[in-house]
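Could you walk me through this structure while I have it open in my viewer? I am new to it and would like to know what to select at each stop.

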Amino acid sequence: MTPKTQITILMATWNGAAHLAAQLESIAAQTHHDWRLWVGDDGSTDDTRDILADFAARVPQEVRLFDGPRRGVAANFLTLLCRQDLPPGPVAFCDQDDIWYPHRLDRALDRLGAAPGVALYCSRTDLGHDPDHPRATSPLWQRPPCFRNALIQTVAGGNTMVLSPEAVALAREAGADPLPAFHDWWFYLLVTGAAGRILYDAQPTLFYRQHEENTLGRNRGFGARYARLGTIWQGRYHHWMTRNIRALQRNQHLLTPENRALLAEFAALRRRKGPRVVAGWQRLGLHRQGRMETLLMAGAAMLGRI
């Protein structure tokens, strides 16, 4: 991709007035200027729409506002992505309350330009409550991204993801219904399932503002690990897995033959309990990025919690 590549930024908003203006300014400050911004708003009752209208009047780039489907963040993003009038080209995803670093788009487009075909760029993030004083950086994963990892874990937040035009076409072919658990996890599943490339960048490209509701985003420390285990014992993780598998089964024609077979075996394994489930996980090579979390999750699978 050339420096003149036009990229579409998709943003989902809902009552985001508290931090939206700062995020928009960080988009305007990108070193890559050839972008358009499409926003799906899920019925905000604060000043979100006014802030967007003011921004649209001040920047030379195209800014469009659409009514979101009001079915959650994943539905909002996927609805935008699957609009018939979406222009061709790469697509970047944007949360309403982060701060993009100026090189974010340029860095992603450079990496995608060197990896033709179906590809997904993602990166680490700086984390915290105050962008001037980040408290941590998201983990640096050591194991290569792959479908066997994607079935039980996503390696990056959607707020860092940029899809190549071919990956956009793949996601649009899959459609927006039935909904997977999370849009970012879904893109990781689709791209790896179709033997596309994951371009994981060890350098943070944005500040990820942390909130208590960041279920998947809080990924540092024992507190975060405890929270993730909580989603397993409360049954939420099982529900997420079911939604992901149903969405994959509906689109299994997009997967490689090897990954279609892996999906079928994993779906069958989830219906079982007992020690043989752990052996099944090992045979299929299912893993999280951390070995201890892989063991804990395999144990939960043995109890029928996955």
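Here is a tour in six stops, each with something to select. Keep in mind throughout that this is a predicted model.

**Stop 1: strand β6**

Start by selecting residues 119-123, which form strand β6. Five of its five residues are buried, so the strand is largely enclosed by the rest of the structure. Show the side chains and look at which way they go: Ala119, Tyr121 and Ser123 point one way, while Leu120 and Cys122 point the other way.

Now add the partners of β6. Select residues 197-201, strand β10, which pairs with β6 in the parallel sense over five bridges. Within that pairing, Ala119 stands opposite Arg197. Next, select residues 162-163, strand β9: two bridges join β9 to β6, and these two strands run antiparallel. Here the bridge partner of Leu120 is Leu163.

**Stop 2: the nonpolar cores**

Leu120 and Leu163 also lead to the next stop. Select Phe187 and ask for its surroundings: leaving aside residues up to four places away in sequence, Phe187 touches Leu78, Leu81, Phe93, Leu120, Met161, Leu163 and Ala171.

Which residues have the most contacts inside the largest nonpolar core? They are Leu151, Phe187 and Trp281, in a core of 61 residues. To see where the largest share of this core comes from, select residues 183-193, helix α7, which contributes seven residues. Apart from this core lies another one, of 28 residues, and you can pick it up by selecting some of its members, including Ile51, Trp100, Ala108 and Ala115. As general background, nonpolar side chains in soluble globular proteins tend to be buried together.

**Stop 3: a sheet of four strands**

Switch to a cartoon view for the open sheet of four strands, whose order is β5-β11-β7-β8, with mixed pairing. Select residues 99-100 (β5) and 136-137 (β8) to find its edges. Each of these has a single partner strand, so one side of each is left without a neighbour in the sheet.

Then select β11, residues 206-209, and β7, residues 126-128, which run parallel and are joined by three bridges. Two pairs are worth labelling here: Leu127 stands opposite Tyr208, and the bridge partner of Gly128 is Arg209. On the β5 side, two bridges join β5 to β11, and those strands run antiparallel. There, Ile99 has Phe207 as its bridge partner.

Are the residues of β11 buried or exposed? All are buried, with Leu206 and Tyr208 pointing one way and Phe207 and Arg209 the other way.

**Stop 4: helices α1 and α2**

Select residues 17-28 (α1) and 48-58 (α2), two helices that pack at an angle of about 20° with their axes 9 Å apart. They are therefore roughly parallel to each other, and α1 passes α2 in a right-handed crossing.

To display where they meet, show Ala17, Leu20, Ala21, Leu24, Glu25 and Ala28 from α1 together with Thr48, Ile51, Leu52, Phe55 and Arg58 from α2. You have already come across Ile51, as one of the members of the core of 28 residues.

**Stop 5: helices α10 and α11**

For a second helix pair, select residues 257-269 (α10) and 275-284 (α11), which pack at an angle of about 170° with their axes 11 Å apart. That makes α10 roughly antiparallel to α11. Here α10 passes α11 in a left-handed crossing.

Leu262, Glu265, Phe266 and Leu269 in α10 meet Val277, Gly280, Trp281, Arg283 and Leu284 in α11. Trp281 is familiar too, being among the residues with the most contacts inside the largest nonpolar core.

**Stop 6: backbone details in the loops**

Finish with three residues in loops. Select Asp177 and Pro178: the peptide bond from Asp177 to Pro178 is cis, with omega near 5°. Pro178 lies in the loop between α6 (165-174) and α7.

Next comes Asn15, in the loop between β1 (7-13) and α1. Asn15 has a positive phi of about 45° although it is not a glycine, and at 29% relative accessibility it counts as partly exposed.

Last, select Ala195, in the loop between α7 and β10. Its phi is near 65°, a positive value in a residue other than glycine. With 55% relative accessibility, Ala195 counts as exposed.

Methods: Residues are numbered from 1 along each chain as its sequence is written. This is a predicted model: local features need pLDDT of at least 70, side-chain atom pairs count only at pLDDT 80 or more; totals for chains, interfaces and linings use all residues. Side-chain values use heavy atoms; hydrogens and water are left out. Buried means under 20% relative accessible area, exposed over 50%, partly exposed in between (1.4 Å probe, protein chains only). Two strands pair if DSSP finds at least two bridges between them. A nonpolar core is a set of buried Ala, Val, Leu, Ile, Met, Phe, Trp, Tyr and Cys residues joined through side-chain atoms within 4.5 Å. Contact means heavy atoms within 4.5 Å. Axes are lines fitted to C-alpha atoms, for helices over the stretch in contact, and angles run from 0 to 180 degrees between N-to-C directions. Angles under 35 degrees count as roughly parallel, over 145 as roughly antiparallel, 65 to 115 as roughly perpendicular and the rest as oblique. A crossing is left-handed if the near helix is turned anticlockwise from the far one by less than a right angle, and right-handed if clockwise.
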